[in-house]
Amino acid sequence: MTGPKNMTEAFTLSVTEAAADRIKTVISENSLPQTAGLRASVDEGGCSGFNYQVEIVEAPQPDDLI
């Protein structure tokens, strides 16, 4: 199986309004910069074949999809 050539066309992350509000609250409570946001990643491994990670970061990395 081959992957998509453009990952931005292949992936959309949706969060509920309540989750978006909570993310904004965490960023605000921790005095993070306006560049801060939620990073979600999926790596190979783990019992199901994938490891999932979600974290609040201060700024995007060059290879992040925004």
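**A strand hairpin and the pocket beside the chain's elements**

In this predicted model, strand E1 (residues 37-44) and strand E2 (residues 50-57) run antiparallel and are joined by eight bridges. One pairing to look for on the display is that of Arg39, whose bridge partner in E2 is Glu55. The two strands form a hairpin, with five residues between E1 and E2. Within that turn sits Gly45, which has a positive phi of about 130°. As a help when viewing the strands, side chains in a regular strand alternate between the two faces of the sheet.

The hairpin belongs to a protein chain with two helices and two strands. Read from the N terminus, these elements follow the order α-α-β-β. The chain has 66 residues, and 9% of them count as buried. Its accessible surface comes to about 5,800 Å², with carbon and sulfur atoms accounting for 53% of that area. Among contacts with a separation of 6 or more, 25% are between residues 24 or more positions apart.

Attention can now turn to the empty space. Rolling a probe the size of a water molecule over the atoms shows where such space is left. In the largest pocket, the space amounts to about 860 Å³. Its lining consists of 25 residues, and those closest to the centre of the pocket are Phe11, Ala40, Asp64, Leu65 and Ile66. Helix H1 (7-10), E1 and E2 each contribute at least two residues to this lining. E1 gives the most, with six residues. By residue type, the lining of the largest pocket is made up of 15 nonpolar, seven polar and three charged residues.

Three individual residues are worth a visit, beginning with the loop between helix H2 (17-29) and E1, where Ser31 is found. Most residues other than glycine have a negative phi. Ser31, however, has a positive phi near 50°, and this residue is not a glycine. Is Ser31 buried or exposed? Ser31 counts as exposed because its relative accessible area is 67%, where the cut-off for exposed is over 50%.

Ala20 is found in helix H2. With a relative accessibility of 22%, Ala20 counts as partly exposed, since buried would require a value under 20%. Along the sequence, Ala20 and Leu38 are 18 residues apart, and their C-alpha atoms are 9.4 Å apart in space. Leu38 can be found in the model within E1, the strand that spans residues 37-44.

Further along the chain, Gln61 lies in the segment after E2. The relative accessible area of Gln61 is 44%, so this residue is partly exposed, a class that falls between the cut-offs of 20% and 50%. How far apart are the C-alpha atoms of Gln61 and Arg39? The separation is 9.7 Å, for two residues that are 22 residues apart along the chain. Arg39 thus offers a convenient landmark, as the residue that has Glu55 as its bridge partner in E2.

Definitions and conventions. Residues are numbered from 1 along each chain as its sequence is written. This is a predicted model: local features need pLDDT of at least 70, side-chain atom pairs count only at pLDDT 80 or more; totals for chains, interfaces and linings use all residues. Side-chain values use heavy atoms; hydrogens and water are left out. Helices (H or I, at least four residues) and strands (E, at least two) are DSSP runs, numbered from the N terminus. Buried means under 20% relative accessible area, exposed over 50%, partly exposed in between (1.4 Å probe, protein chains only). Contact means heavy atoms within 4.5 Å. Accessible areas come from the Shrake-Rupley method with a 1.4 Å probe; for residues, only the protein chains shown count as cover. Two strands pair if DSSP finds at least two bridges between them. On a 1 Å grid over the protein atoms alone, a cavity is a set of points where a 1.4 Å probe fits but cannot get out, and a pocket is an open set with protein on both sides within 12 Å along at least five of seven lines; lining residues have an atom within 4 Å of a point. Grid points are joined across faces, edges and corners, and a volume is the space filled by probe spheres set on the points. Ala, Val, Leu, Ile, Met, Phe, Trp, Tyr, Cys and Pro count as nonpolar, Asp, Glu, Lys and Arg as charged, and the others, Gly among them, as polar.
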